[in-house]
Every structure is written in C-alpha cells, then in structure tokens.
Amino acid sequence: MAHDAARSDIVGVRYALCVVANQRKRSAACFCAGAAPEGVALRSMRDDRGAALPAMTEEMRREFWATLALRHCRGLGVRSTARLLRHFGSALAAIGQSARWKEIGLGARAAVLATGSWRVTARAEWDAARRSGSSIILWTDAAYPALLREICAPPSLLYCRGDLSLLHGPVLAVVGSRRCSREGREQAAALAGDLAASGLTVASGMALGIDSAAHRAALPQVGRSIGVLGTGIDVVYPAGGSDLFAAMCRGGLLASEFAPGSPALPGNFPVRNRIISGMARAVLVVEAEERSGSLITARAALEQNREVYVLLGAGGSPLGAGCRQLVEDGAHPIRCARDIVRDLAPQLGGQPRPDPADMLCEPACGGAPDAAGPAGVHGAPCVPEPGCPPVPSPLPPGAPPNAEIVLRYVAAHPGCLADAVCEATGITASGVSVAAVFLEMSGRLSRLPGGRFQCVREQR
C-alpha cells in the first residue's frame, strides 16, 4: 500500500513538472514529492539596489525551494551543484530536467533526488531563512556577484544583511593572521582605509586581527566593506565581535552561504575563503604564517586567476613566513595602497593615475570648498555653475556610464563628498564609487583628506 502511494506520488510529480515546463498554472508547480512550502514569504528579499520588497514572488519561492533541493541532495556538492546551474540555467530547470543529468555525469544523483530524502533538511533551512530576516541572492538573481559566478565552485545562494549594492562595485580582499603583530594590525588598517577611500570595497572574513582591523578602517570610507562569514548570517562570531557585526549590517554588507543558525564549525572557514577571493578582483595578504587560513585564500585567488599582493613591512620584508612564501611563489610585493590601485587600473578600465602633486586645479568657481558639501535636491539634474570649465572630452575608453556626470559635478563643486554627489545626481553610492575609481586612475580626479573630491588638470 505504501508502495502504491509512493508510485502515485511520483506520477503526480511528473505531471507537475510538465506543467512547469509548459508554463501553465504556476500554483500547480511542484517537484520531487512537493511544491515550495505554502504560506511562506521571505519578506526580506531585496533587489540589487538593496530596496526592500514586500515578499518573494511565487517564481522566486520556487527557485529558492529548488535551490534547497540541490543543496540538500545527498552526493551533490558545491561543484556538482554549480555544474547543474550552469548547464540548465537555474535550479528549477535542473530539477525539471533531472533525466538529463547523465549528460554531465550526474545521472546517479538524479535517482537520489527523486527519493525526496532532501525535503526534511531543506524545509529546516527554509524555516531558518524565514526567521533570520536576511536577504537571499539566488544564482538567477541579477544581484549575484558577476566575478563570483566565474569560480569553479560558486555558492548556489548567498544570505545577506546590509547594502547589496556593494556587491556590484570593485572589491578587493584584505586578509591576514588572527594573531597578528601590532605592525600588521596598523598596516592593515592604514591600507584598508586608503583602499576604501579610493572607492574600492574591502572584503574580509570578520575574524580577529587583520580582518577586523581592515573592516573597521574601511567601513567609514566611500568604498565601505563586505564581511564573508563562516557561520550563518545571524550568528555573531567571534563572540566579542557584536559591535563590528552590527556596524557592518548598518553601513556595509555581511554575506554567508551557510544556512541561518549554522554554528562556527572549523571546516566552514576554509570553505568560505573561496568566496572572499572569488568576489574580489585581487587579494592583499598583510601578515600570515605558514599553513594559515590567509594562505588558503591567497591560493584560492591564484586558482581563480586573481592578483595576489603581499605587504612589505617597515624593514622591507614580508610580515610572516607565509607571506614570504607567497612572494617566492610569484605574489606582488607592495608598500602602499597606490601600488595596488595602479596595478589594477587596466582591469577597472582606466589607466594609472599620474602623480597629482603639481596637477591640482584651482577651485573651478572660486572660493573655498564648502565644508558641509554642496546643497542639492535629490534627483535634480547636475548642471555646472556658470563660469566652470567644461569637462575634458572625450573620457578614456571604458568609462562607466555615470563617469561624466560625476566629473561635471565635482568640477562645479570642488571639495565635495561622495554623499553629496549621490544626493544631487541620484546616482547610487556604488555607481559613484565605480566612476570615482575610474576617474582617479584616469588622472581626472583627485581625492582630498576626508574623502572629498577635486578635479585635476590634464597634462599637456
């Protein structure tokens, strides 16, 4: 009798999959012994600008449930799940075409999926996600970081808290030892602050030592900071880091691939390191000993075809045996943030910025910069004040869409803050950051103390 019930259930599932494939009656869509749990709306889903949505759409709920099915299917690891997502385009499509899994060598896993054994733990994660109040970024979402998609084992989803727009700006990872020296901690803070002030978003792992120093220094700057957790998105770790955790939720971004409520298991941290390097254009190792987690991140970066930089200490040598080994293996030794910005300029579409020592413009419209920044009406068009010089044209190839608007505003308001540019032009903070980095490296913009902007004169 139980066998007949199971057979009937499978027949019902196959019929439902046909309904999905033909885009009929969405409410009838289900798979592998069950549709997405009813009555559940993850009300914290956000779009790629971080704006709150009233609830997940029915389509998003089905994709989330299908993603959980893959995550909790025995024998399907992160790499295998990524192969399915790339091959079929979405988790729901992969579930609906499980008979074709043999095309990529996963036919046996399709039989495991059909048993429905994944449903209990998948439902537990669904409920935990609902309780956590976190945003969820699925593989199919535009908010999913483009660089992270490229690695060999990208996460199938990310739980996030904070400003999702930071995922779309230029990201640089800063990592190092938990038990770091005083010099290492101070250097990490100085570099992270300078990098974030230049518009780069600093990513790290929220650990004690180098990580936390980098987060704290970068968070107040225009680029801000992303913390990638080795726990659930709602678990504060280390225990003494609740103040940094709260600050990152308010002003930066926290991300995790682990289910909400997941504890700090030792095996989680090496796994999460690939995400830190995967979402970044490069990795800076400040201080590391042999066999440290920072070396795992650096080697993951090399496998992902990312640049790896190592800080030279005051004596001209890398800080720690692990850093010395990285230099021997081909990592780039650097002394300051400018070394990194210049080296990354081609990747970001600009050219290394000339030294601005003798290139600063006089204030374009006379008078000292307003300490409070220019007043502006949100969304109003940016029009240079009378008498301001025209913006040099054309901008270098590869300029971001908003680069000219940002440059015109700075030309009209020398010494302005990034927040003022956002308010007056309606451009997002991420958009201003990307444009500012490009303009700075192209020699069109200079950063003043306090995160203010000023134009620089073109070389003749």
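Here is a short walk through one serine and two enclosed spaces in this structure. The model is predicted, so local features need pLDDT of at least 70 and side-chain atom pairs count only at pLDDT 80 or more, while totals for chains, interfaces and linings use all residues. Residues are numbered from 1 along each chain as its sequence is written, and side-chain values use heavy atoms, with hydrogens and water left out.

Let us start at Ser256, which sits in strand S6 (residues 253-256); strands are DSSP runs (E) of at least two residues, helices (H or I) of at least four, numbered from the N terminus. Ser256 is buried, at a relative accessible area of 1%, where buried means under 20% with a 1.4 Å probe and protein chains only. Beyond four places in sequence, its contacts (heavy atoms within 4.5 Å) are Leu158, Tyr159, Leu229, Thr231, Gly232 and Ile233. A polar atom of the Ser256 side chain also lies 3.0 Å from the backbone nitrogen of Phe258.

Now for the cavities. A cavity is a set of points on a 1 Å grid over the protein atoms alone where a 1.4 Å probe fits but cannot get out, and lining residues have an atom within 4 Å of a point. The whole structure holds 2 cavities of 30 Å³ or more. The largest has a volume of about 50 Å³, that is, the space filled by probe spheres set on the points, which are joined across faces, edges and corners. Its lining includes Arg224 and Ser433, and helix H17 (residues 429-441) gives the largest share, 3 residues.

The second largest cavity has about 40 Å³ of space. Among its lining residues are Ser198, Val341 and Glu440. Here too H17 provides the largest share, 3 residues.

Conventions
Buried means under 20% relative accessible area, exposed over 50%, partly exposed in between (1.4 Å probe, protein chains only). A polar contact is a pair of N or O atoms within 3.5 Å; within protein, one must be able to donate a hydrogen and the other to accept it, and residues adjacent in sequence count only if both atoms are side-chain atoms. On a 1 Å grid over the protein atoms alone, a cavity is a set of points where a 1.4 Å probe fits but cannot get out, and a pocket is an open set with protein on both sides within 12 Å along at least five of seven lines; lining residues have an atom within 4 Å of a point.
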